[in-house]
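Me: Please take a close look at a single part of this model, the sheet of one chain together with what packs on it and what surrounds it. I would like one connected account, with the cut-offs given for the terms that you use.

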Amino acid sequence: MATRKPDIREYDDVPGTYVLDGRSYRKGFHLNMFCMSLNKAECREEFAKDEEAYMKKYPMTDEQRQAVLDRDYIRLLQLGANVYYTFKLVSHDRQPPQVMYGKMSSPQLSFDEFQQMMLGGGRPIEGNRSKKEQQNG
Amino acid sequence: MARLIAGMGTSHVPGVGAAMDNGKTGEAYWTELFKGFETLRGWHAKNVPDVTIIVFNDHATFYALDNYATFTLGVGEEFQPADEGWGRRQVPIVKGHPELAWHLVESLMAEEFDMAVSGNLEVDHGLTVPLSIAYDQPSEWPTRVIPLCVNVIQHPQPTALRCYKLGEAIGRAIASWDEDITVGIWGTGGLSHQLGGERAGVVNPEFDKAFLDNLVADPMANTRISHAEFIREAGAEGIEMIMWNVMRGALGEKVKEVCRLYHIPVSATAYGGIILEAE
């Protein structure tokens, strides 16, 4: 087996991409478990009544709590969340997922702009394969 | 003897289920896709197997980071559609086939696939949307279902080759079941899509087309795609395509392509659908 530096993965070179691996697992464990709890209707109700109070049940970092309150989805991913978990927040807010996809996009897109990009054939793979390719692009 | 009649590959985008559940399929956004489903549903109406093995993934619904398994077989009598955060889908309860499911567990374990087993699996859109795509809105699903849940959320995930080999072992298990029943197998998820990150919305029609072509004529080519290549070329969530390899592996060497659908966009996804008959 080839040796590997502890903090590097082959896919780290893919731009604008957050992979749920052992690193993000550790960073985002409580944040993701909080998101997951919103699968339950009674938890959604409790969260809706007082978001900050509800989050106290989970030993998340202050930054993570703030990103939840702000619905700052890209920050949530940077802090270890996975998109399938942040979905639970979007669903709780009764928003279409394209709102989240647009807010995460760089540059940011509105719901309509994201829809239009997809209707136009999606975000092209060309120029988006690697950080290096993006810089040259 | 049990006979595997066909496989289907299909994306399982939750938006498709939501469009059906909320009566929106007549809207301009959806008409072309649902027109395409007519061909697929026409085939399914004439080819309902007694049991269908549905290879799908859970999306932070039943499994979370505290505990998860790479491959799980559902051995329950029935499976409840899950609340994934917006309430349960109002679709029929999924009826299982515990006898065949346990035969699969025994056969696969004997072939050194160490399966997790669940008796109370609740199934999310990954499993119910393909049923809706195939059978529309019946009062009960016409086939019994054995859920095979694959972890494609938390890395490391099983390799594309491992998924194919699991499929081959499932094919052998079905062939060894001494009961005169028909079986189908579906691989779900994909095709290229990425939901998270600044690159959200990336799709790759060339990659998808090659994957579909290889699925028919050169399935081993799809077993040589690494996780990093999937992420790079098909998007972080495009890696779900490895579940199609389980389906293809079960069907044996030669298949006949019955129909193929490809449509961009469905939400942030390139939709792909294919039916392959076992030869």
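Reply:

**The sheet of chain B**

Chain B holds an open sheet of 8 strands with mixed pairing, in the order E6-E3-E7-E2-E8-E1-E10-E9, where helices (H or I, at least four residues) and strands (E, at least two) are DSSP runs numbered from the N terminus, and two strands pair if DSSP finds at least two bridges between them. The edges are formed by strand E6 (116-118) and E9 of chain B, each of which pairs on one side only, and from one strand to the next the twist averages 20°, with axes being lines fitted to C-alpha atoms, for helices over the stretch in contact, and angles running from 0 to 180 degrees between N-to-C directions.

This is a predicted model, in which local features need pLDDT of at least 70 and side-chain atom pairs count only at pLDDT 80 or more, while totals for chains, interfaces and linings use all residues. Residues are numbered from 1 along each chain as its sequence is written, and chains are lettered from A and ligands numbered from 1 in the order in which they are written.

Within the sheet, strand E3 (residues 71-74) and strand E7 (residues 144-150) of chain B run antiparallel and are joined by 3 bridges; B:Phe71 has B:Val150 of E7(B) as its bridge partner. Helix H4 (residues 125-135) of chain B packs on the sheet, where it touches strand E1 (3-10), strand E2 (51-56), E7 and strand E8 (182-188) of chain B, and its direction makes about 130° with that of E2(B). Helix H6 (residues 205-217) of chain B also packs on the sheet, touching E1, E9 and strand E10 (269-278) of chain B, with a direction at about 10° to that of E10(B).

As for the surroundings, chain B has 8 helices and 10 strands, and 57% of its 279 residues count as buried, that is, with 20 or more other C-beta atoms, placed from the backbone, within 10 Å of their own. Among its contacts with a separation of 6 or more, 83% are between residues 24 or more positions apart, a contact being two residues whose C-beta atoms, placed from the backbone, lie within 7 Å.

The edge strand E9 (255-266) returns at the boundary with chain A: 34 residues of chain B are in contact with 44 residues of chain A, and helix H7 (227-234) and strand E9 of chain B are the elements that give two or more residues to that side of chain B. The largest share, 4 residues, comes from H7(B).

Notes
Buried ≥ 20, exposed ≤ 12 C-beta atoms within 10 Å, placed from the backbone.
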